[in-house]
Structures are given as structure tokens and as C-alpha cells.
Amino acid sequence: MEKRVVFRSAWLPYALVAPQIAITIVFFFWPAVQAGWYSFQLQDAFGERTQFVGFENYRALFADANYLQSFKTTALFSLLVAGAGIAISLLLAAMADRVMRGALAYRTLLIWPYAVAPAVAGVLWLFLFAPSIGIITFALRSLGIQWDWVLQGDQAMLLVVIAATWKQISYNFLFFLAGLQSIPRSLIEAAAIDGAGPSRRFWTIVFPLLSPTAFFLLVVNIVYAFFETFGVIDATTQGGPAGATQILVYKVYYDGVKAADLGGSSAQSVILMFIVIALTVVQFKFVERKVQY
Amino acid sequence: MIENRPWLTVFSHVVLIAGILVVGFPLYVTFVASTRTLDDILTVPMPLLPGDQLWQNYSTVLGTGTTRGITSGPVARMMLNSLIVALAIAFGKIAISIIASFAIVFFRFPLRNFFFWMIFITLMLPVEVRIIPTFKVVADLGLINSYVGLTLPLIASATATFLFRQFFLTVPEELAEAARIDGAGPMRFFWDVVLPLSKTSIAALFVIQFIYGWNQYLWPLLITTDESMSTAVIGIKRMINTGDALTEWNLVMATAMLALLPPALVVMLMQRWFVRGLVETEK
């Protein structure tokens with residue numbers, strides 16, 4: 001869509017886009033190019049000499065068992081976060097769509113976790129699950145479950161999945177609720193007149209009509225789990241124990257900032273950029289088409 | 001309501017109430033912990049009813065922060081930093097995006113599409129994937145430990161630019177034509193017609209971007225080495241010691257309450273704008 005009526009000026013439009021473009025170049029494009037450049041270099045420990053090494057950093061990464069493990073960890077983490085988040089919020093949204101009494105109150109009380117920073121969400125759950133003083137740790141122990149995520153890798157994973165999912169439920173809930181409310185009531189009424197019960201109506205009418213929303217949320221949640229959960233991980237497990245919760249973004253940070261491996265970290269950055277590009281393309285293709293059945 | 005099924009309605013309410021309780025439980029425990037002494041919290045299991053240390057804990061963190069093990073500096077200062085950062089990011093993003101999309105929609109000029117695509121591509125370059133080089137750029141510009149360094153690299157916004165562009169495309173052409181016939185220049189048209197029409201979009205975006213700015217974590221963590229520039233979210237992380245016993249959990253939890261309250265209030269009080277902003281920025 002284009003406007004036919006436009007203004008004319010030789011310099012004004014450039015002045016108007018200048019601030020945005022300047023920031024984009026200085027803080028986005030230039031660093032991205034530099035990441036690409038560093039990824040072909042090897043630096044000595046003191047950062048004095050650099051050497052061009054071609055694809056050596058990439059080769060080393062894919063030969064590194066830790067890096068490959070980090071891929072698996074990220075995949076597991078994002079699938080768990082997306083799956084649990086979507087399932088729980090779909091249930092809540094379906095219930096909220098049914099009730100009329102107190103609908104606004106329910107919505108208000110379910111959406112506030114969106115406002116909590118991932119790092120703060122991590123701290124809240126860290127406190128509940130703390131190995132010696134946590135209240136949930138205590139409850140689990142009285143049920144006979146030994147809980148110590150500092151030593152147990154899968155328990156650490158469970159902790160970060162819970163914290164990350166908890167924060168994202170409100171987001172999914174709002175989108176599902178909007179999706180549910182846009183389904184024409186006449187369809188559901190017709191099915192009810194034909195004698196279909198609530199659960200049958202849900203699975204044969206409502207759920208298929210919601211599938212575009214669900215697919216959209218799947219992509220958004222995976223992007224969230226890949227990148228925005230850095231705060232959750234850093235505030236709780238810091239990638240441990242023994243790399244059990246070291247997702248890709250955390251490894252870029254750890255190798256670059258803590259271990260000062262500039263070349264290796266930059267190569268990881270470049271690989272991550274390709275992952276973001278792939279995810280963005282998937283997301284936009286979907287949004288363009290607006291899948292409907 | 002399609003049909004009357006009282007048991008299903010009861011079931012719905014039960015599920016929703018259970019959901020609210022589960023979602024709210026961490027917040028409740030945090031609140032309780034922030035009103036107790038450290039000794040109360042270190043008793044296993046910790047008491048689950050609020051104590052009488054509310055005033056004591058909150059005034060301690062706001063005035064001096066934690067002192068045992070790690071000195072964090074006063075949280076009041078962190079709250080101020082968070083507020084400055086969140087407002088600067090929200091206003092900055094809105095300001096530079098609205099003028100950029102105004103230029104892209106209401107002018108024809110060479111490289112117009114090129115600029116639009118440049119802004120679009122920033123969507124694919126989140127700060128998390130270019131940590132070290134961006135840090136170097138900011139360090140070379142001498143912006144470490146400054147508000148400019150904390151905010152400027154984050155205010156480019158593809159989503160806000162899109163949102164305004166979509167909205168401007170729906171502004172009737174007759175308005176621009178009428179303005180031109182009446183002899184109004186482009187900036188006059190911007191101030192008197194476009195900006196007032198964009199009020200609701202601006203409000204919706206403001207809520208989303210305020211929360212985004214307040215909740216920033218990775219970037220402030222890299223850029224602030226001086227505790228007086230720390231934001232509230234970073235401050236909490238710095239208060240936690242490895243090993244449960246050394247951490248002053250009562251004060252950490254009071255800080256957590258303080259750090260999550262402003263954005264949570266914004267979401268709940270400006271719910272209408274929030275929902276709208278959330279749905280629109282994702283289009």
C-alpha cells in the first residue's frame with residue numbers, strides 16, 4: 001500500500017530517518033560486522049596480537065562436545081518452555097473464555113507476571129527451590145524427594161523451565177483469549193444444537209480455529225526461550241551444574257565475557273544470528289499468510 | 001453462554017482460581033519473606049504469614065542496601081536509575097520511530113525502501129547475539145557507566161517503526177491533501193494532524209517499551225561496573241551470594257518486590273493500552 005499524496009522536500013525526509021539509521025548503523029550493523037570479522041581471528045591471551053585463521057574457530061566449535069551439548073540443551077529447554085507455556089495458558093484461556101462473572105478480575109490477576117523481569121522471575125523461583133531454605137524444597141523433602149539442583153542437572157533444568165514458563169504464561173494467555181473471543185459464536189451454537197458436548201466442540205471446532213494462534217505462539221516462545229531467558233539462567237543456575245542449563249546465548253556470554261575467548265564467542269554469535277534470521281523468516285512467512293482453516 | 005452447564009462453570013472457576021494461586025504463589029512468598037527477619041527465613045520451613053519487619057526491611061534496602069557479605073549500595077538509587085533508563089528507552093524509541101515512519105510513509109525520496117529494510121533487519125540482531133562487539137563500540141565511545149550508554153544502543157526499534165508505519169498508512173489521504181491545499185508544510189501536518197491521531201498507538205507502545213526498558217538485564221550487566229549506575233534488576237543479582245546462608249534473603253526479597261512493582265502496576269493499571277500494545281507490536 002502506498003500513499004499517493006506526499007510531501008516534497010530534498011532534505012527533510014533524510015533528517016527524519018537520520019537518528020534511527022545512525023543508531024542502527026553504529027550499534028547494530030557495525031558490531032554485527034565486527035562479530036563476523038573477529039570470528040575469523042585468533043587472539044592471544046593478552047589481546048595484543050591477532051592472527052587470521054579462517055574457519056578455524058568454527059571448526060573448533062563444532063568439534064567441541066560442550067558446544068554440541070549446548071545445542072541439545074537449548075533445544076530441550078525451548079521445547080519444554082514453549083510446550084508447557086502453551087498447554088497451561090490454553091487451558092486457562094479456554095476457562096476464562098467460558099466464565100462471564102469476574103472475567104476482568106481473572107485476566108488482571110493472570111497477566112501481571114508479564115511485567116516481571118526474567119532475572120527477577122529467576123530469583124523468585126530460586127528462593128522457593130533453594131536447596132537448604134526453600135519452602136518447596138522442604139515440601140518435596142517431606143514427600144521423600146531429594147531436591148538439590150546445585151548438584152542435579154535435570155533438577156536445575158526443571159527450575160529454569162519453571163521460572164521461564166511462569167513469566168511467559170500471561171503473554172500466551174492474552175493471545176489465546178483474543179483468539180478465542182474472535183471465534184464466531186454461531187459456529188459453536190450450531191455445534192451445540194447438533195448435540196456436540198463441550199469437549200467435542202473444543203477439539204473439533206475451537207482448537208483447529210486456534211491453530212494459527214498456537215503456531216504463532218510456538219515461534220514466539222521459542223525465540224523467547226532462545227534469547228530472552230538469559231536473565232533467568234544468569235540469576236539462577238549460571239549454566240550449571242556442569243553445563244546442564246548452559247543454553248547457547250549463555251555460552252556466548254560466558255565464553256566472551258568470563259573466559260575472554262573473543263574468536264570463539266564471535267563465531268557463536270554469527271551462528272546465533274543465522275538462527276535468529278531463520279526464526280524471523282518462519283515467523284514472518286506465517287504472519288503474512290495468516291493461516292486459517 | 002451457549003448452554004447452561006453449572007458444573008462446567010464451577011469447574012472453570014476452580015481451574016482459574018487454581019491458576020491464579022499457582023501464578024501468585026511466588027509473589028506471596030516473596031512478600032512474606034520481605035516482611036520477616038533473616039533468622040525467620042533461615043528456619044526450615046520458613047513461616048508463611050507476613051511478619052512485622054516490613055518497614056524495617058524496606059527502609060534498610062532503600063536507604064543503605066545489603067551490607068553483610070556484599071555491599072550493594074542503596075536501592076533507592078537503583079530505582080531512580082531504572083526509572084531513568086525505562087523512560088529514556090520508551091520515549092527515545094517512540095520519538096525516533098515515529099519520525100522515521102513519518103518520513104517513510106509521507107515522502108518519496110531515493111533510498112526510502114533501503115532505509116526501511118535497514119530498520120527491519122535490526123529485528124534479526126538482538127543484543128544477545130552481538131554482545132562483545134557492541135560492548136566494544138560503547139566502550140570506545142567512552143559511554144561505559146553512563147545513562148547514554150545504558151539507553152542509546154537500545155532505542156533503535158523495528159517494531160515501533162512498523163507499528164507507526166501501519167497506522168500512518170490508514171490515515172486518510174484527504175487529510176494530507178487538505179493540509180497541503182491550506183498551505184501547511186510537512187512538519188506542521190506532523191504536529192497538528194499526525195501526532196494527535198497517533199495518541200492511542202503512542203500510549204500502547206509506551207506501556208510495552210517502559211516494561212522492556214525497566215526489565216533490561218544483559219545490557220546493564222555489561223555496561224555498569226560502578227554500583228551507583230546499577231539498575232534495580234541488576235542490583236538484586238549482585239546481592240545474592242553463592243550459598244544460601246550468606247545471602248540476606250529478607251533484603252533481597254524486599255528489593256525484588258520493589259523491582260517488580262512499578263512494571264506490574266503499569267500492566268495492571270494501564271491494562272487496556274497494554275493488551276493493545278502487545279497485540280499490535282506482534283503484527
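1. A residue counts as buried if 20 or more other C-beta atoms lie within 10 Å of its own, as exposed if 12 or fewer do, and as partly exposed in between, with C-beta atoms placed from the backbone. By that rule, 46% of the 283 residues of chain B are buried.

2. This is a predicted model, in which local features need pLDDT of at least 70 and side-chain atom pairs count only at pLDDT 80 or more, while totals for chains, interfaces and linings use all residues. Residues are numbered from 1 along each chain as its sequence is written, and chains are lettered from A in the order in which they are written.

3. Chain B has 15 helices and zero strands (DSSP runs numbered from the N terminus: H or I of at least four residues for helices, E of at least two for strands). Its C-alpha trace spans about 75 × 65 × 30 Å along the principal axes.

4. The contact between the chains takes 84 residues from chain A and 83 residues from chain B, two residues being in contact if their C-beta atoms, placed from the backbone, lie within 7 Å. On the chain A side, helix 1 (residues 12-38) gives the largest share, 19 residues.

5. The largest nonpolar core (buried Ala, Val, Leu, Ile, Met, Phe, Trp, Tyr and Cys residues joined through C-beta atoms within 7 Å) has 161 residues. Those touching the most other members are Val120(A), Val123(A), Val249(A), Phe102(B) and Ala256(B). Helix 4 (residues 75-106) of chain B supplies the largest share of this core, 17 residues.

6. Neighbours within four places in sequence aside, Phe102(B) is in contact with Leu16(A), Phe168(B), Phe190(B) and Val194(B).
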